[in-house]
Amino acid sequence: MTPWTQLQRQRTRVTILVLLLSITGGCISSEQEATKVVAERDPVVARADSLLGHQQFSEALQLLQGALSVNERSVDLHVAMGNTHAHLGVLDSAIAHYRAAVAIDSQCADAWHNLGIILADKGQHHEAVDAVQLAVDEDTAFAAGYETLGLLAIKVGDYPRAEAALIRSTRAGRSASSFRTLGQLQTRLGNYSGARHSLAQALDVDSVDAEALRLLGLLHMATGHSDSAVHVLQRSTDLDPLGTEGFYNLAGALRAAGDEQAAKDAMARFVEVQKGAA
């Protein structure tokens, strides 16, 4: 099984399960998307995207190979071919096609972005950061690109760069995941007021975001508000009854609040869920 799942949004994307990052398709800038000044998509690429969405990887690959044999300097075809190889887990081939795309058009933000994700998946995290930085330099309204840059910068320990990128992501597009990751980072950095604001924004976007509630509970714990932490963590576990971390954190909050029996119950639930996930 490859480390990819299909996710359909405005652009065709796949998500790396470990890093929670997304592959984007095509070289249409975010500004062009926003203003609707967009050239019609290559019908071959659109068809390939549809095949990928239906898990028909071999058919998509065959279609794109035929199109590239006729037009080997098509940036969109190279990006689509890279995405297809990424779905198949053939990462070196994906890299080769993304590099081919940026060799033809160095302003193709999606190709730089996707190249960065694949490099990260291969453990080349610093090179990945550099590639995604080029993506957002080319498309300054690329919200998902800034979120990816933030996540990768965290991975390499460059927290100032990560925070700046995540802030840009939240300004370019109101994504609960960007606000949530920003809040988590700000908590780690001791910026509790910033974290509180970011997590509140995440919950404003998605009021049933169990992970944002869990992180808010940890923030309450970090600032000595165990009763508030218990309340928020109970909501988080209600929304995500199979999440082991939530019950583990709830047990800690209950213990800090002085409710030892409830803490034991939460820990028992943690063990039960953990066994079920094994």
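Which residue follows H4, and what is the sign of its phi? The residue after H4 is Gly89, with a positive phi near 80 degrees.

Before going further, a word on what you are looking at. This is a predicted model, in which local features need pLDDT of at least 70 and side-chain atom pairs count only at pLDDT 80 or more, while totals for chains, interfaces and linings use all residues. Residues are numbered from 1 along each chain as its sequence is written, and side-chain values use heavy atoms, leaving out hydrogens and water.

**Overall picture**

The protein has 15 helices and three strands; these are DSSP runs numbered from the N terminus, helices being H or I with at least four residues and strands E with at least two. Of its 278 residues, 47% count as buried. Here buried means under 20% relative accessible area, exposed means over 50%, and partly exposed is in between (1.4 Å probe, protein chains only). The accessible surface is about 13500 Å², and carbon and sulfur atoms hold 50% of that; such areas come from the Shrake-Rupley method with a 1.4 Å probe, and for residues only the protein chains shown count as cover. Among contacts with a separation of 6 or more, 47% join residues 24 or more positions apart, a contact being heavy atoms within 4.5 Å.

**Helix H4 and the cores**

Let us return to H4. This helix covers residues 75-88, and its end C-alpha atoms are 20 Å apart, in agreement with the 20 Å that its 14 residues should span at 1.5 Å a residue. The expected span is 1.5 Å times one less than the number of residues. Twelve of the 14 residues are buried, so H4 is largely enclosed by the rest of the structure. The buried residues include Val75, Leu77, Val79, Met81 and three histidines, His78, His85 and His87.

Val79 also appears in the largest nonpolar core, which has 29 residues; Val79, Tyr98, Leu115 and Ile118 have the most contacts inside this core. A nonpolar core is a set of buried Ala, Val, Leu, Ile, Met, Phe, Trp, Tyr and Cys residues joined through side-chain atoms within 4.5 Å. Two or more residues each come from H4, H5 (91-104), H6 (109-121), H7 (125-138) and H8 (143-155), and H6 gives the most, with seven. Leaving aside neighbours within four places in sequence, Leu115 is in contact with Ile95, Tyr98, Arg99 and Ala131. Apart from the largest core lies another of 13 residues, among them Leu52, Ala60, Ala67 and Leu77.

**Salt bridges**

The whole structure holds seven salt bridges, each a side-chain nitrogen of Lys or Arg within 4 Å of a carboxyl oxygen of Asp or Glu. Here are some of them.

| Pair | Closest N to O distance |
|---|---|
| Glu211 and Arg214 | 2.8 Å |
| Glu245 and Arg214 | 3.5 Å |
| Glu272 and Arg269 | 3.2 Å |

Glu211 and Arg214 both sit in helix H12 (residues 210-222), three residues apart, about one turn of the helix. Arg214 is buried at 7% relative accessibility, whereas Glu211 is partly exposed at 29%. Arg214 also pairs with Glu245. Glu245 lies in helix H14 (residues 244-256) and Arg214 in H12, so this pair ties together parts 31 residues apart in sequence. Glu245 is partly exposed, at 46%.

Glu272 and Arg269 share helix H15 (residues 260-277), again three residues apart, about one turn. Arg269 is partly exposed at 25%. Through shared partners, salt bridges join Glu211, Arg214 and Glu245 into one network.
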